[in-house]
Amino acid sequence: MSITVTKDVFQLAEVFTISRGSRTQAEVLTARVDRGGIIGQGECVPYARYDETLDSVIEEILSLPSELTRVELQSALPAGAARNAVDCALWDWEAKSKGVRVWDMLGLPAPKPEITAYTLSLGEPDAMEASARKHNHRPLLKIKLGTPDDMPRLEAVRRGAPETPIIIDANEGWSAEVYSELAPHLVRLGVKLVEQPLPAGQDDMLAEIERPLPVCADEACHDRASLPSLKGKYDVINIKLDKTGGLTEALALKDAGIAQGYGVMVGCMVGSSLAMAPATILAQGVGYTDLDGPLLLAEDRIEPLNFDEAGVHAPKPELWG
């Protein structure tokens with residue numbers, strides 16, 4: 001077996017901004033597993049928030065032994081982008097080698113389309129209102145916030161999309177005081193969910209203050225080992241393959257989270273259809289799906305995922321799985 005990794009760059013359709021900064025490109029890594037002439041592939045997005053770089057993740061992937069199974073991979077690398085790319089490539093390889101789909105291997109029905117959120121990036125109120133108006137036909141909008149001056153942005157988005165369901169992602173940008181002040185207005189404006197209002201590791205106040213709408217753990221939730229620290233603070237967990245280290249752990253985290261009473265959101269980094277493809281299996285039946293990465297791109301993989309009014313569809317075998 002050989003494992004190779006390449007850097008790929010996809011231009012974004014528009015500048016994408018969150019509270020930590022802006023980008024015009026999605027820089028991703030594609031891992032390929034070649035065994036017996038059959039090639040499986042997976043994609044990851046190294047994330048600086050978790051001390052990952054393109055080079056550091058490449059080094060992790062290339063440090064792996066030439067022969068390993070998906071089970072062995074779970075202990076060979078920690079949860080993170082590197083393990084995700086290889087784990088998904090191994091799933092893809094196994095499905096192709098057996099001539100079946102990954103969901104058949106898991107004993108699951110073929111994935112049905114899932115409605116996905118569409119993300120509006122952080123900007124000035126006028127720009128966010130215009131963006132909300134442009135996308136108010138979408139079934140669910142996700143709004144990037146996370147500054148001390150977010151009320152005008154919230155009001156502007158609601159003017160632009162007066163009827164569309166909204167979820168908020170603060171990207172750790174608020175304090176307990178700011179969130180407590182904003183929360184009643186979030187309810188008034190019909191927000192359904194707020195992601196990571198306080199910084200991970202500095203979120204104990206979520207257990208003390210009132211939570212008038214569901215609070216979702218994103219940066220605070222990586223894999224099953226994260227669950228004990230979320231108790232009493234969060235109502236929903238956001239599962240992303242780049243945090244769990246692949247589909248294998250993501251499926252286990254989903255089952256464990258549901259068993260412990262958490263709602264589930266399946267999210268993504270800004271990547272191509274290859275990164276989203278395994279997550280379409282994970283997203284089946286969850287409360288919220290946020291797999292809009294390809295919708296933010298100006299270019300995508302050769303066999304991209306299909307997005308339509310029914311939502312995001314399962315991948316074709318030419319793409320993954």
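**Cavities and salt bridges: a short tour**

Hi everyone. A search of the whole structure turns up two cavities of 30 Å³ or more. Please keep in mind that this is a predicted model.

Let me start with the largest cavity. Its volume is about 240 Å³. Which residues lie nearest its centre? They are Lys144, Lys240, Cys268, Met269 and Val270, out of a lining of 21 residues. If you want to find this lining among the secondary structure elements, look at strand S1, residues 2–18, and strand S5, residues 141–144: these are the elements that give two or more residues to the lining. As for chemistry, the lining of the largest cavity has nine charged residues, nine nonpolar ones and three polar ones.

Now to the second largest cavity, which holds about 80 Å³ of space. Its lining is made of 13 residues, and those nearest the centre are Leu241, Asp242, Cys268, Met269 and Ala275. You may recognise two names there: Cys268 and Met269 are also among the residues nearest the centre of the largest cavity. Which elements give two or more residues to the lining of the second largest cavity? Here we have helix H9, residues 241–244, and helix H11, residues 273–282. H11 supplies the largest share, with three residues. Sorted by class, this lining comes out as eight nonpolar, two polar and three charged residues.

That takes us to the charged side chains. Side chains of opposite charge can pair when their charged atoms come close. How many salt bridges does the structure hold? There are 24, and I have picked three to walk through.

The first on my list joins Asp218 and Lys240, with 3.0 Å from N to O. Asp218 sits in the loop between strand S8 (215–217) and helix H8 (227–230), while Lys240 sits in the loop between strand S9 (236–239) and H9; the two are 22 residues apart, and the pair links distant parts of the chain. Are these partners buried or exposed? Asp218 has 0% relative accessibility, so Asp218 counts as buried. Lys240 is at 8%, under the 20% cut-off, so Lys240 counts as buried too. And remember that Lys240 is one of the residues nearest the centre of the largest cavity.

Next, Glu249 and Arg224. Their closest N and O atoms are 2.7 Å apart. Glu249 belongs to helix H10, residues 247–259, and Arg224 to the loop between S8 and H8, so this pair, 25 residues apart, again links distant parts of the chain. Glu249 is buried, with a relative accessible area of 9%, whereas Arg224 is partly exposed at 43%.

Finally for the pairs, Glu67 and Arg35 meet in a salt bridge of 3.3 Å, N to O. Why does this one tie together separate parts of the chain? Because Glu67 lies in the loop between helix H1 (54–62) and helix H2 (70–76), and Arg35 lies in strand S2 (residues 21–35), the pair brings together parts that are 32 residues apart in sequence. Glu67 is partly exposed, with a relative accessible area of 46%, and Arg35 is partly exposed as well, at 26%.

One last item on salt bridges. Lys142, Lys144, Asp169, Glu195 and Asp290 are joined into one network by salt bridges that share partners. Lys144 is a familiar name by now, being one of the residues nearest the centre of the largest cavity.

Thanks for listening, and I'm happy to go back to any of these residues on the screen.

Methods:
Residues are numbered from 1 along each chain as its sequence is written. This is a predicted model: local features need pLDDT of at least 70, side-chain atom pairs count only at pLDDT 80 or more; totals for chains, interfaces and linings use all residues. Side-chain values use heavy atoms; hydrogens and water are left out. On a 1 Å grid over the protein atoms alone, a cavity is a set of points where a 1.4 Å probe fits but cannot get out, and a pocket is an open set with protein on both sides within 12 Å along at least five of seven lines; lining residues have an atom within 4 Å of a point. Grid points are joined across faces, edges and corners, and a volume is the space filled by probe spheres set on the points. Helices (H or I, at least four residues) and strands (E, at least two) are DSSP runs, numbered from the N terminus. Ala, Val, Leu, Ile, Met, Phe, Trp, Tyr, Cys and Pro count as nonpolar, Asp, Glu, Lys and Arg as charged, and the others, Gly among them, as polar. A salt bridge is a side-chain nitrogen of Lys or Arg within 4 Å of a carboxyl oxygen of Asp or Glu. Buried means under 20% relative accessible area, exposed over 50%, partly exposed in between (1.4 Å probe, protein chains only).
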